[in-house]
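Me: I would like to go through this model step by step, with the reasoning spelled out for each point. Could we begin once the structure is shown?

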Amino acid sequence: MKSQVAFTDEDDCESCRLAYCWWRTATKFDECAKLKLDFPDVSILTPRLRLLRELERLALIAPDGLNELRHKLLGYRSGDFWVPIGGINKEDMDIPPVNTILLVGFSGSGKSSLINLMYSILGRSGLIPFAQTSSGSCSNYTTMYMEEHNVLRSMRSGFCVYDSRGFDYGRTREALEELSSWMSEGVHHNQLCLRYRDSKMMTDDMENDDMGSSSTFVLRRVNCVIVVANMAEIYQALKAGDLKPLEAIRQLFCCAALRNSNENPLVILTHGDLLSTEERIDGRLKICECLDISETNGVYDIVCLTEYGFLEEECDPVSAYALTEVVYRALLISDRGQLPKKRFHHRALLILLCLVRFIGVCFAFLADVCSKLGEKEKLRI
């Protein structure tokens with residue numbers, strides 16, 4: 001029996017309410033339910049039981065916690081979650097006016113669908129799509145530009161979310177290089193994402209369009225990264241003996257450029273509704289084991305019901321709360337990773353260091369030239 005929801009005109013919302021706690025049909029759930037009666041040592045629990053407890057936590061908090069977290073995000077301003085560390089005052093921190101959250105993943109992982117879901121839950125936009133997805137008749141569509149989204153739809157929003165072009169499983173090295181450039185150089189709205197395999201005609205047209213439109217947008221430093229993975233695709237590939245998608249996600253997750261204040265990137269697993277209950281649990285456990293992370297901390301299984309034409313908040317409050325918690329945690333990581341402002345003496349020291357290195361390179365070049373001239377002179381004599 002699949003865990004995805006089949007809706008009818010008569011019982012659509014009721015079926016949805018029964019389905020959002022999909023894990024309660026899993027084996028050993030009764031054993032998890034018994035744990036509610038006492039306080040067991042979590043360290044001795046199996047990964048499966050820990051995962052079931054985490055899903056129950058989300059179901060317990062979701063009804064009341066969603067509005068509370070949403071209220072915090074609506075009133076959030078960049079730096080609100082910063083706490084004094086290292087004896088530096090907040091005035092001396094280089095806090096941007098807007099924190100930037102970047103969604104990355106491979107093609108078809110559901111990044112644009114998550115953006116629409118954020119608009120629906122946080123911006124109260126209903127089912128209006130703000131980002132084009134690859135579902136339905138547009139199955140071959142892929143995001144070609146970096147897109148900045150104000151998912152709160154507020155003029156005073158303290159954060160934005162960037163949708164990026166999906167990577168190719170067969171070109172992980174190219175993906176890591178492009179990702180490293182985003183993290184080091186920053187991103188801006190309408191930034192063109194060209195790949196080696198793109199056709200020459202499409203490349204020329206997009207470069208011409210991009211030259212005049214994107215240069216005026218603000219360049220933003222990426223503060224937190226969320227890795228989006230298609231759990232159904234990865235699990236089906238594993239069943240067929242194909243380790244490429246799982247290994248590609250591992251390389252993307254372990255990219256050193258994504259680390260912020262020694263924090264791992266957050267992970268969102270999508271399309272779990274296409275798997276059975278047991279496959280969905282097993283897939284999450286296998287992915288977390290490969291990434292060498294906890295199955296209950298920083299990993300979320302989220303289904304985008306807005307793609308099916310249903311409001312997530314009404315039909316799946318667990319996924320709605322989980323997505324809100326992801327954004328909240330991303331902002332906590334962003335403010336914890338803010339850097340101190342660079343003072344004049346820091347800049348002067350950096351310039352001096354570059355100058356010394358340049359002089360060293362010049363002396364090395366002159367020494368090499370003189371050495372070669374001396375050898376030629378000896379041969380001539």
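Reply: Helices (H or I, at least four residues) and strands (E, at least two) are DSSP runs, numbered from the N terminus. The model is a predicted one, and with those element names the loop between β7 and α10 (312–315) can be located as the place where one finds Cys-304.

Me: Is Cys-304 buried or exposed?
Reply: The cut-off needed here is that a residue under 20% relative accessible area is buried, while one over 50% is exposed. Cys-304 has 10% relative accessibility, and therefore it counts as buried.

Me: What distance separates the C-alpha atoms of Cys-304 and Asp-273?
Reply: Along the chain, Cys-304 and Asp-273 are 31 residues apart. In space, the separation of their C-alpha atoms is 9.3 Å.

Me: In what order do the seven strands of the open sheet follow one another?
Reply: The pairing in this open sheet is mixed. Its edge strands, each pairing on one side only, are β4 (191–192) and β7 (299–301). Read across the sheet, the order is β4-β2-β3-β1-β5-β6-β7.

Me: Which residue in β3 is the bridge partner of Leu-102?
Reply: Strand β1 (residues 99–105) runs parallel to β3 (residues 159–163), and five bridges join the two. Within this pairing Leu-103 stands opposite Asp-163, whereas the bridge partner of Leu-102 is Tyr-162.

Me: Which residue in β5 does Gly-105 stand opposite?
Reply: Strand β5 (residues 224–230) pairs with β1 in the parallel sense, over five bridges. In that pairing, the residue of β5 opposite Gly-105 is Val-228.

Me: How many of the residues of β1 are buried?
Reply: In a regular strand the side chains alternate between the two faces of the sheet, so both faces have to be considered. Asn-99, Ile-101, Leu-103 and Gly-105 point one way from β1, while Thr-100, Leu-102 and Val-104 point the other way, and all are buried. The strand is thus mostly covered, and the count of buried residues is seven of seven.

Me: At about what angle to β5 does helix α8 run?
Reply: Helix α8 (residues 244–253) lies across β1, β5 and β6 (266–270). Its direction relative to β5 is given by an angle of about 175°.

Me: Is Phe-365 buried or exposed?
Reply: Phe-365 lies in helix α12 (residues 344–380), and it is one of the residues that make a nonpolar surface patch of about 1,000 Å², among them also Leu-352, Phe-358 and Leu-373. Because its relative accessibility is 56%, Phe-365 counts as exposed.

Definitions and conventions:
Residues numbered from 1 in each chain as written. Predicted model: local features only at pLDDT ≥ 70, side-chain atom pairs only at ≥ 80, totals over all residues. Heavy atoms only, no water. Buried < 20%, exposed > 50% of the residue type's maximum accessible area, 1.4 Å probe, protein only. Pairing = 2+ DSSP bridges. Contact = heavy atoms within 4.5 Å. Axes fitted to C-alpha atoms, helices over the stretch in contact; angles between N-to-C directions. Patch = residues over 30% accessible without salt bridge, like charges linked within 9 Å, V, L, I, M, F, W, Y side chains within 5 Å. Areas by Shrake-Rupley, 256 points an atom, 1.4 Å probe, with all protein chains shown as cover. Salt bridge = Lys/Arg side-chain N within 4 Å of Asp/Glu carboxyl O.
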